[in-house]
Amino acid sequence: MWPAGGGDPWPPASVAGSVTAALLVAAVIARFIIIPHLRSSSGIIKPRRPGTRPGTPAASGGAAGSSSAARVPAGSLGWPVIGETPAFILAAYSARPESFVERRRALYGSKVFTSHLWGSPAVVSSDPEVSRAVLQADASAFVPWYPRSLMELMGESSILVLGGALQRRVHGLAGAFFKSPQLKARVTADMQRRVAAAMDAWRRDAAGAGATTVRVQDEAKSIVFEILVNALIGLDEGHEMQYLRQQFKEFIAGLISLPIKLPGTQLYRSLKAKKRMTKLIQKITQEKRRKMITKCEDRPQGTTTHHPRDMIDVLLGNGSDELTDELISDNMIDFMIPAEDSVPVLITLAVKYLSECPLALQQLEEENMELKRRKSDMGETLEWTDYMSLTFTQHVITETLRMGNIINGIMRKAVRDVEVRGHLIPKGWRVLVYFRAVHLDAAVHGDPHAFNPWRWKERADVTAGGGGGGSFTPFGGGQRLCPGLDLARLEASVFLHHLVTGFRWAAEEDAVVNFPTVRLRRGMPIAVTPRT
Ligand code: HEM
């Protein structure tokens, strides 16, 4: 789900421009102004053996075994100071962000090459196996790396930057909670209620003219945010929820901004917003702590506790001293990012791709109509398992994740010289694991720019979370594999079910913007007509 930027409406052209400027300035002031000695006079790096770089010992083991033949991949460090960041950003703003990688792949004859991004030398991987090995590696080889403004806003105790045992503990607790049938049942019920209310309003608006126009991205954002926030901190709809959403929008706008904390800057405003959110979340946490202690004292010996209602309950229930109020609030705020960003974008992209592929839309409608009929004949309501068992709907979501690349890739920093499948990544360098270039590689997924949900029919191994040996990693992998992946699929399934069984629609023109976050330029306006 990371990184995100944005907020709503996202982003006016001026914001996008200032983001580019911010990234460039960040690169300049990021102190890595000494272009390493590996640069040749042409700026091109030739592969070389470990140990030949001054001061570099031979690769000491690696993420995926070691070999004496490990070399720094061929590539270029680009311009002094700014490296290849401008070229990366230019490509990112175009319709084919992966062209940055494709061009270099052709030039160096390898899916793994050296570059210089965000102020540091970096190895870029678009090779499924190398990417998989980096994702699988632990904190003794790589730690997460994010732009400075993001690090500042997330805080030191964020799961995104934590390493070692504490990360594993928070990850494990979050994963178990998000996967629990109890939470899925509640999220399904809440989602159905919220989607029904939103769609009733569409029907009312359409009553006179027969159709009304809605922006899928905005609708999905307000529905998903409230549901996930409720699952995270137990807050119900109302005044405090509205306040939190406002503050969150201010917070998220600073995630990719100039790393300057002076009054008037976005980062300053975002930090203030974070403080206000922290105050509210810590108040909720403290109330929960108090109640928990009182309940414990009142409970007869030997009786068990109830299933936790939200993520704060889960963390408090763990009883560890390391899970402080600060850690809890920092993480609850970070967990809200997919609620405001990734999941709504997944829903919106699915609607866009379906609008452009009538055959897929028809099959999706048939599958969902059939389920609706069956359940209504039996007088039953839909359960989370019903949604997740819709095979074609799941293929549509999988294909949307592959094509949409909501998270383009992730960055790590090598904490020592690391060797990955024959490539040396020197200590201090970044690795960009670029999911997008793998998902859109014709050698990995045939005809990659075609929306083809049927391609997943034979590939249950990939979608079951295995990641197909690094060929399909929209949710990352290894120790940091997204713990919210089932929830994201579930929420998208519920939304799509009610949309296709309740309405027909005609989509207006819209375009996908890929940088700094993926979104639809106009929020995906569609004219919806209720089915009779
Ligand atoms: C379409 C929706 C989503 C996408 C594409 C997505 C993608 C990702 C990716 C790629 C990572 C790996 C980051 C890394 O390796 O550094 C990740 C991590 C994470 N995701 Fe998601 N995510 C989504 C939804 C969610 C949801 C709904 C939640 C829960 C509220 C969630 C919570 C997390 C957390 C807590 C992590 C950090 C795990 C760790 O570092 O241990 N995500 N996500």
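## Exercises on a predicted model

**Exercise 1. Work out whether Arg421 is buried, partly exposed or exposed.**

Let's start with a neighbour count: Arg421 has 18 other C-beta atoms within 10 Å. A residue needs 20 or more to be buried and 12 or fewer to be exposed. Arg421 is therefore partly exposed. Keep in mind that this is a predicted model. As for its place in the chain, Arg421 sits in the loop between strand E8 (418–420) and strand E9 (423–425). Its backbone is worth a look too: phi is near 45°, a positive value in a residue other than glycine.

**Exercise 2. Do the same for Asp447: which class does it fall into?**

Count again: Asp447 has 9 C-beta neighbours inside 10 Å, so it counts as exposed. You'll find Asp447 in the loop between helix H17 (435–439) and helix H18 (460–466). Asp447 isn't a glycine, yet its phi is positive, at about 45°.

**Exercise 3. Find the cis peptide bond that involves Pro516, and say which loop holds this proline.**

The bond joins Phe515 and Pro516, and its omega is about -5°. Now place the proline: Pro516 lies in the loop between strand E12 (512–513) and strand E13 (519–520).

**Exercise 4. Describe how H8 and helix H12 (residues 325–340) are arranged.**

Step one is the geometry. The two axes come within 8 Å and cross at roughly 155°. Angles over 145 degrees count as roughly antiparallel, so that is the label for H8 and H12. Their crossing is right-handed.

Step two is the contact itself. H8 brings Lys221, Val224, Phe225, Leu228, Val229, Leu232 and Ile233, while H12 brings Met332, Phe335, Met336, Ala339 and Glu340. Sort these by class and you get 10 nonpolar, no polar and two charged residues.

**Exercise 5. Look at H7 next: how does it pack against H8, and how against helix H19 (residues 485–502)?**

Take H8 to begin with. H7 and H8 pack at an angle of about 150°, with their axes 10 Å apart, and the crossing is right-handed. On the H7 side you'll meet Leu183, Val187, Asp190, Met191, Arg194, Val195 and Ala198; on the H8 side, Glu219, Ile223, Glu226, Ile227, Asn230 and Ala231. That contact has eight nonpolar, one polar and four charged residues.

Then turn to H19. Helix H7 (residues 181–206) packs against H19 at an angle of about 35°, with the axes 10 Å apart. This crossing is right-handed. Residues in the contact include Met191, Val195 and Met199 of H7, along with Leu490, Val494 and Phe495 of H19. By class, the contact divides into nine nonpolar, four polar and two charged residues.

**Exercise 6. Which residues of the largest nonpolar core touch the most other members?**

The core has 126 residues, and the ones to pick out are Met311, Met332, Met336, Leu346, Ala350 and Val431. Helix H8 (residues 216–233) supplies the largest share of this core, 11 residues. Zoom in on Ala350: leaving out residues up to four places away in sequence, it touches Val396, Ile397, Thr400, Ala492 and Leu496. As background, nonpolar side chains tend to be buried together in soluble globular proteins.

**Exercise 7. Step back to the whole chain: how many helices and strands does it have, and what share of its residues is buried?**

There are 19 helices and 14 strands. Of the 532 residues in the chain, 48% are buried. One last step concerns contacts between residues at least 6 apart in sequence: 77% of them join residues at least 24 apart.

Technical notes. Residues numbered from 1 in each chain as written. Predicted model: local features only at pLDDT ≥ 70, side-chain atom pairs only at ≥ 80, totals over all residues. Core = buried A, V, L, I, M, F, W, Y, C linked by C-beta atoms within 7 Å. Helix = DSSP H or I, 4+ residues; strand = E, 2+ residues; numbered from the N terminus. Contact = placed C-beta atoms within 7 Å. Axes fitted to C-alpha atoms, helices over the stretch in contact; angles between N-to-C directions. Left-handed = near helix turned anticlockwise from the far one by under 90°. Nonpolar A, V, L, I, M, F, W, Y, C, P; charged D, E, K, R; others polar. Parallel < 35°, antiparallel > 145°, perpendicular 65-115°, else oblique.
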